[in-house]
Amino acid sequence: MRLYRKLPLRLVSQTLTSTPSRLYHLTTPLLSSSDPQPNPQKHSFQAETRQLLDIVARSLYSEREVFLRELVSNAADALEKLRYTQLKGEEIDDPSATLHVEFLSESLNSLTIEDNGIGMTKEELIANLGTIARSGSKEFVKTAGADGGDTSNIIGQFGVGFYSAFMVGSHVTVLTRSAKPGSVGYVWNSNGEDGYDIQEAAGLPRGTRIVIQLKEDALEFVKKDRVREVLRKHSNFVGYPIYLDGVQVNTIEPLWTRKSSDIPDQEHAELYQSLSGRKDNPMYTMQFAVETPVSIKCVLYVPQFMPQLDIANLKNFGISLYCKKVMVQAQTPKLLPEWLMFLHGVVDSEDIPLNLSRELLQESVVITKIKSVITGKMISYLNRQAKRDPGKYEEFYKEFGRFLRIGIVTTESQTEKEDLAKLLRFESSKEEKGTIISLDQYIERAPEGQKQVYYLSAPSRDMAMESPYFETLQQNDLEVLFTYNKEDDVVLFKLENYKDRKLCTAEAANVKPVDKPEEPGHEKLEKQEGNRLATWFRDALGRENVKEVKMSDRQHSQPAVVTVENLTTLRRYLEMAPPDQKEASYKYLLHNSVVLELNPTHPIIKQLAPLRESNPEVAGLVASQLFDNALMNADLVHDPRRMVGRINKILQAVTESEVPTDADVKE
Ligand code: ADP
Ligand code: MG
């Protein structure tokens, strides 16, 4: 009586009323020596089963609670097999019974799960439960598949799940009767160590009931709330209703297995909210299924906005991994690249090995394949959305653009970088303030033969427009993208190329000057004179302080500009240098990368030629200041305070020469 006394078993009570004498028999511990006949038949487990059992019970699964998932999956399989058999028109026992899985909990120390599925014959019991790694379900799929049947909903395939019951149970009893008409029922009993015994049992309904005598440390599973929680977590979308003491616990038919056109937004919103714990509706919903290189059904949600990340909501992000509607792992690591961490969703793949531990699962090639499929699909999805509704995409870009940038910077693959770069947007010199365009738009309207995409980074649009570097490009009627944050600079620098065009900073642009007739008063400094001035200039700055000084070809209104290859790297390098090495790094970079170009048409430069003869001291000060001004335009000034002394000296010289002296007044 010990085993079932406290159970509110509807089925047991039915059996009780129909066959009272048998029930006594059934509810007696089945290994008891006082058992009425027929005597139980003792069986040993098949070769190595004991050791394997140990492995399953101790180390195959990282969480004990998954034994429920395994037993529910088996019950669902049994129901699916019954349905299939019925569909094929084969005769079965009790065809009118509704198909369901039932849990009977809240007993003293045992847990019961039953289904009215296909059940097992004695031979099947021995074959399926007596041999580890033998899956009756896999066999079934093979045979039925050969008949051309659809067995895609059958979950089992490894033949080890059942034994997970011994993770929590000291003793497991299986009562089962096959659906084959006229079948006899059997009771299978085992403590998971010394083999099992089987005996005939009359009065059993069709299907299988499993009673687990819980170990002392697993008594949490007699609690209804705990069982409900685990069922909801892992088995919420199993294709048959699961009742816990008569109340259905699984509610939703998983929408990722349905046709996307059939699914109302409301249902998506519900799933999104249940996955994310948020109250808003998703901004984007993407649903897809693919067969290669891995078979997945998938639904992904982009939230309306990115919340402030903290430990509490971080755990809600990510993707739950399912295998045939059974949850394998929530928030599965490594399933998404870092830059897609803002997604919520579900991936269901029949290629997932259900029995792998979390650690092994993460290393699985299937995970890598899924990740690359999701990444590719997400990029093309976002591209489509950008075309379909640019306004909405701009909203997305404002909120999540920085993740795209992270993606470009972190991926190693140039193809993926360029795919992601399609999604980038920038302000442009040929658009109004606030209008953003893509690299593709830039390329489409660039004149034929233009092999560069020019960009200029500046703190604001106004400052970009005033930049001498922009001036040169603008004179050539070249479009320039503006970047207002360092992230964008780094992204474009890392990207390097896009569709065979070189991404080129305005500072490094080597643009031929437009041939314009010399305006009166803007005559160039004579060439030789210019070269002499440049040499003098470099000496005045100190040879170690600049890589080169030369007369510029380009036309701009500034007296001097600096040009630098890899300006972005240079700026980053300076920022990152430790404080005690900043000065040294700065000097090093000036010496190795900075070229100063002097404008031979600019009055200051032209006057500098005679000034260096007549007043070398002031000319030297002016040269240094011109250099600093040019560095300032390139956002490369190290310590502007140091200029103040020099500027004051220049001002002094200017005022002294401009203010009339006594002698002037007398004349
Ligand atoms: P798998 O589910 O991967 O096949 P299991 O160890 O979970 O492996 O189960 C072994 C086999 O036992 C199943 O393939 C199935 O044939 C049989 N079995 C287990 N549970 C049931 C059940 N509730 N009803 C009918 N057959 C079952
Ligand atoms: Mg199984």
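Start with ligand 1: in this predicted model, one of its oxygen atoms has a backbone N or O atom of Val160 3.4 Å away. Phe162 also offers a backbone N or O atom, 3.0 Å from an oxygen atom of ligand 1. Beyond the ligand, here's what to look for: a six-strand open sheet, plenty of aromatic pairs, 21 over the whole structure, and a buried arginine, Arg209.

**Around ligand 1**

- There are 19 residues around ligand 1, and the ones that come nearest are Asn74, Ser135, Gly136, Ser137 and Gly159.
- Asp115 gets involved through its side chain: an N or O atom there is 3.0 Å from a nitrogen atom of the ligand.
- So for polar atoms you have the side chain of Asp115 facing a ligand nitrogen, plus the backbone of Val160 and the backbone of Phe162 with a ligand oxygen each time.

**The chain as a whole**

- You're looking at 667 residues, and 52% of them are buried.
- If you like counting elements, the chain has 25 helices and 23 strands.
- Take the contacts with a sequence separation of 6 or more: 72% of them are between residues 24 or more positions apart.

**The six-strand sheet**

- Reading across this open sheet, the strands come in the order S16-S15-S18-S17-S20-S19, and the pairing is mixed.
- Strand S16 (436-437) and S19 sit at the edges; each has a single partner strand, so one side of each has no neighbour in the sheet.
- Strand S20 covers residues 501-505, and 4 of its 5 residues are buried, so the rest of the structure largely encloses it.
- On one side, S20 runs parallel to strand S17 (residues 452-457), with 4 bridges joining the two.
- To find that pairing on screen, try Val453, whose bridge partner in S20 is Leu503, or Tyr455, whose partner there is Thr505.
- S20 also pairs with strand S19 (residues 497-498), this time in the antiparallel sense, over 2 bridges.
- Here Asn497 is the residue that stands opposite Lys502 of S20.
- S19 and S20 make a hairpin with 2 residues between them, and one turn residue, Lys499, has a positive phi of about 45 degrees.

**Aromatic rings**

- Across the whole structure, a search turns up 21 aromatic pairs.
- Trp188 and Tyr196 are one of them: their ring centres are 5.5 Å apart and the planes are at 20 degrees, under the 30-degree cut-off, so this pair is stacked.
- Both Trp188 and Tyr196 are buried.
- Trp536 and Phe537 pair up edge-to-face instead, with 6.0 Å from centre to centre and 80 degrees between the planes.
- Trp536 has 18% relative accessibility, so it counts as buried, the cut-off being under 20%.
- Its partner Phe537 is buried too, with a relative accessible area of 0%.
- Ring pairs also link up a cluster made of Tyr284, Phe342, Tyr381, Tyr393, Phe396, Tyr397, Phe400 and Phe403.

**Charges over rings**

- Have a look at Phe140: Lys81 lies over the face of its ring, 5.8 Å from the ring centre.
- Arg278 does the like with Phe305, lying over the ring face at 4.5 Å from the centre.

**Two residues to zoom in on**

- Arg209 is in strand S7 (residues 207-214).
- Its relative accessible area is 6%, so Arg209 is buried.
- The side chain of Arg209 has a polar contact with the side chain of Glu114, at 3.2 Å.
- Glu253 is in a loop, the one between strand S9 (247-248) and helix H9 (265-276).
- With a relative accessible area of 40%, Glu253 comes out as partly exposed, because that value falls between the 20% and 50% cut-offs.
- Leaving aside residues up to four places away in sequence, Glu253 touches Phe237 and Arg258.
- Phe237 is 16 residues away from Glu253 in sequence, yet their C-alpha atoms are 5.7 Å apart in space.

Definitions and conventions:
Residues numbered from 1 in each chain as written. Chains lettered and ligands numbered in written order. Predicted model: local features only at pLDDT ≥ 70, side-chain atom pairs only at ≥ 80, totals over all residues. Heavy atoms only, no water. Buried < 20%, exposed > 50% of the residue type's maximum accessible area, 1.4 Å probe, protein only. Contact = heavy atoms within 4.5 Å. Phe/Tyr/Trp six-rings, centres within 6.5 Å; stacked < 30°, edge-to-face > 60°. Lys NZ or Arg CZ within 6 Å of the ring centre and 35° of its normal. Pairing = 2+ DSSP bridges. Near = heavy atom within 4 Å. Polar contact = N/O pair within 3.5 Å; in protein donor to acceptor, adjacent residues only side chain to side chain.
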